[in-house]
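Visitor: Could you show me how to read a surface and a pocket in a model like this?
Guide: Happily, let's look together.

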Number of protein chains: 2
Amino acid sequence: MMLDAETKALEEPSAHEAEVRLWLRLLTCANLIEGEIRSKLRERFDITLPRFDLMAQLDRAPEGMTLSDVSRRMMVSNGNVTHIVDKLLASGDLDRRTAEHDRRVQVISLTSKGRAEFRAMAAEHADWLARLFAGLGETDINDLMRLLAKAKASVRAGLAEETAR
Amino acid sequence: MMLDAETKALEEPSAHEAEVRLWLRLLTCANLIEGEIRSKLRERFDITLPRFDLMAQLDRAPEGMTLSDVSRRMMVSNGNVTHIVDKLLASGDLDRRTAEHDRRVQVISLTSKGRAEFRAMAAEHADWLARLFAGLGETDINDLMRLLAKAKASVRAGLAEETAR
DNA sequence: GCAAATTATTTTAGGGTTCAAATATCCTCC
DNA sequence: GGAGGATATTTGAACCCTAAAATAATTTGC
């Protein structure tokens, strides 16, 4: 018996149920943690998560990064990076200069003030995560790392398949 | 030798590194999937993810839900729910009525139009997820479900510990 | 019965986010 | 050496989001 897509959906409401439930569980975990990190960052350091993330990227790039690099690494839009950078420039945590070889390119880097602030925040940040994951053993963490890597690869493959089509 | 917290952080920059890396990997996975779902929802149905999520909650509650229920279930703020509901009311996907037993309470539910639209969207939504997770076997999915449940419990315990303190 | 505390919702202020359009600069190739 | 295409960034419009204050209605304790 052949069914069109709509009829089939009505008759098989649980199709791909496992995948949907996996996604919802993954999302719930991420949202719980993200909410806690956001509220801790605000409460302890009066900073937002995106600004913290941007400083984390720059901490690993002593020479600085271009805005496009940041945008790719953080997986956020270019316009968004411009906005976050503006705020961190205003608070004196970042330096910005135009690249000499290409005047379209803006290179940003941490000021020494920004670097010192970031290091202090990063240490606490790691402590918060350790507390949240305290219920997981070393084996659990390793297994999760492996399975999430596999999931990430699967997702990227699915995305690539689509753009190729 | 005793060290204060700051000195210790400087001398042990890799403390809790495993937990931080687990968090970053979890977040990357979630962001990749969420970005794809958002862009598909926009492209195929011109709807945002929060509106889709609200409709999903209501689809499982034929009698309707109060705004506070929705806020708790979706883990978003009350003010945000008000905003999203306004939009879905305007597009005719939701009904809203004041509860007779308590005039503070607003009960919202899907209109038949909203329900039909949601069912069509949900079927495709499940297909997108199945495609993204196509690289995972049944065992992988089961393992991930179990480990993420454990992680979720750990995070909730960590949060509870803090509020108790 | 009524003042005070509680509860449900809305409003407000301040961010963050995307996409698409606009600018500015560079590069290529004739 | 200049036109056309590519690349880096900014701007603008429309959302989403939260926390905190304000509003409205109910419940509680006396």
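Visitor: Which helices each supply at least two residues of the surface near DNA strand C?
Guide: In this predicted model, α3 and α5 (78-90) of chain A do, together with α4 (67-74) and α5 (78-90) of chain B. The most comes from α5(A), which gives four residues.

Visitor: How many residues surround DNA strand C, and which are the closest?
Guide: There are 24 around the strand, and the closest are A:Thr48, B:Ser68, B:Thr82, B:Arg96 and B:Arg104. Of the atoms of DNA strand C that come within 4 Å of the protein, 76% belong to sugar and phosphate. By class, this surface has ten polar, eight charged and six nonpolar residues.

Visitor: What touches a phosphate oxygen through the backbone?
Guide: A polar backbone atom of B:Gln106 is 2.8 Å from a phosphate oxygen of DNA strand C, and a backbone N or O atom of B:Leu67 lies 3.4 Å from a phosphate oxygen. From a side chain, an N or O atom of A:Lys87 is 3.3 Å from a sugar or linking oxygen of the strand.

Visitor: And how do I read a pocket?
Guide: Rolling a probe the size of a water molecule over the atoms shows where empty space is left. Here, the second largest pocket has a volume of about 160 Å³.

Visitor: Which helix gives the most to the lining of the second largest pocket?
Guide: That is α2(A), with four residues; α2 (17-45) and α3 (49-59) of chain A each supply at least two. The lining includes A:Arg38, A:Asp46 and A:Pro50, and by class it has four nonpolar, three charged and two polar residues.

Conventions:
Residues are numbered from 1 along each chain as its sequence is written. Chains are lettered from A and ligands numbered from 1 in the order in which they are written. This is a predicted model: local features need pLDDT of at least 70, side-chain atom pairs count only at pLDDT 80 or more; totals for chains, interfaces and linings use all residues. Side-chain values use heavy atoms; hydrogens and water are left out. On a 1 Å grid over the protein atoms alone, a cavity is a set of points where a 1.4 Å probe fits but cannot get out, and a pocket is an open set with protein on both sides within 12 Å along at least five of seven lines; lining residues have an atom within 4 Å of a point. Grid points are joined across faces, edges and corners, and a volume is the space filled by probe spheres set on the points. Ala, Val, Leu, Ile, Met, Phe, Trp, Tyr, Cys and Pro count as nonpolar, Asp, Glu, Lys and Arg as charged, and the others, Gly among them, as polar. A residue is near a molecule or strand if one of its heavy atoms lies within 4 Å of it. A polar contact is a pair of N or O atoms within 3.5 Å; within protein, one must be able to donate a hydrogen and the other to accept it, and residues adjacent in sequence count only if both atoms are side-chain atoms.
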